[in-house]
Amino acid sequence: MNPYPVNTNLPASKSPLAWATVGNGILFTAQIPIDAEGNVVDGGIEPQIKQTLANLKHTLESAGTSVANLTQVLIYVTDRDDLAAVNREYATFVAEPFPNRAAIIVSGVARAEMLVEIVAYAVVP
């Protein structure tokens with residue numbers, strides 16, 4: 001099966017990308033802390049990780065899958081000190097059996113005001 005984009009109804013990206021694609025029963029997605037109007041959520045890491053996880057959940061559901069079908073999650077954060085807040089929020093998002101996960105500290109993500117980006121893979125039943 002050829003990969004195809006998922007219609008997420010998220011705001012159009014300013015970059016040449018799809019918010020999510022599905023190929024051979026696997027969802028590939030990257031999510032950032034933007035609201036329904038495409039604005040970066042402000043207020044620090046807590047509102048940004050909450051919005052990013054909400055966008056991820058919405059994308060999973062738009063593709064016909066769910067958080068329970070996540071296989072790997074890569075969380076990119078721009079400040080090591082934000083990991084505790086990220087972990088607290090992430091712990092409310094997933095349940096056992098947990099997907100594989102890595103947290104990567106980076107010097108920046110797509111836009112300067114963003115503090116977090118998530119790349120995720122999930123099975124689409």
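**Helix H1 and a few unusual backbone angles**

Let me start with the buried residues of helix H1: Ile 45, Gln 48, Ile 49, Thr 52, Leu 53, Asn 55, Leu 56, Thr 59 and Leu 60. Looking down the helix axis, these buried residues fall within an arc of 155°, so they line one face of H1. The general background is that an α-helix has 3.6 residues a turn, so residues three or four places apart point the same way. I should say now that this is a predicted model.

As for the helix itself, H1 runs over residues 45–62, which is 18 residues. From first C-alpha to last, H1 reaches 25 Å, close to the 26 Å expected at 1.5 Å a residue. Just after the helix comes Gly 64, with a positive phi of about 85°.

What covers the buried residues of H1? The cover includes strands S2 (20–23), S3 (26–31), S4 (70–77) and S6 (116–123), along with helix H2 (83–93).

From that cover I will take one residue in strand S3, Thr 29. Is Thr 29 buried or exposed? Thr 29 is buried, at a relative accessible area of 6%. If we set aside neighbours within four places in sequence, Thr 29 is in contact with Leu 56 and Thr 59, both of which are among the buried residues of H1. Its other contacts on that count are Trp 19, Ala 20, Ile 118, Val 119 and Ala 120. The side chain of Thr 29 also makes a polar contact with the side chain of Gln 31, at 2.7 Å.

Now the backbone. Most residues other than glycine have a negative phi, and most peptide bonds are trans. Here are some exceptions in this model.

Asn 9 has a phi near 60°, a positive value in a residue other than glycine. Asn 9 is found in the loop between strand S1 (4–5) and S2, and is exposed, with a relative accessible area of 67%.

Asn 24 also has a positive phi, about 50°, and is not a glycine. Where is Asn 24? Asn 24 is in the loop between S2 and S3. Its relative accessible area is 60%, so Asn 24 counts as exposed.

Last, the peptide bond from Glu 96 to Pro 97 is cis, with omega near -5°. Pro 97 is in the loop between H2 and strand S5 (100–105).

Methods
Residues numbered from 1 in each chain as written. Predicted model: local features only at pLDDT ≥ 70, side-chain atom pairs only at ≥ 80, totals over all residues. Heavy atoms only, no water. Helix = DSSP H or I, 4+ residues; strand = E, 2+ residues; numbered from the N terminus. Expected span 1.5 Å × (residues − 1). Buried < 20%, exposed > 50% of the residue type's maximum accessible area, 1.4 Å probe, protein only. Arc of directions from axis to C-beta. Contact = heavy atoms within 4.5 Å. Polar contact = N/O pair within 3.5 Å; in protein donor to acceptor, adjacent residues only side chain to side chain.
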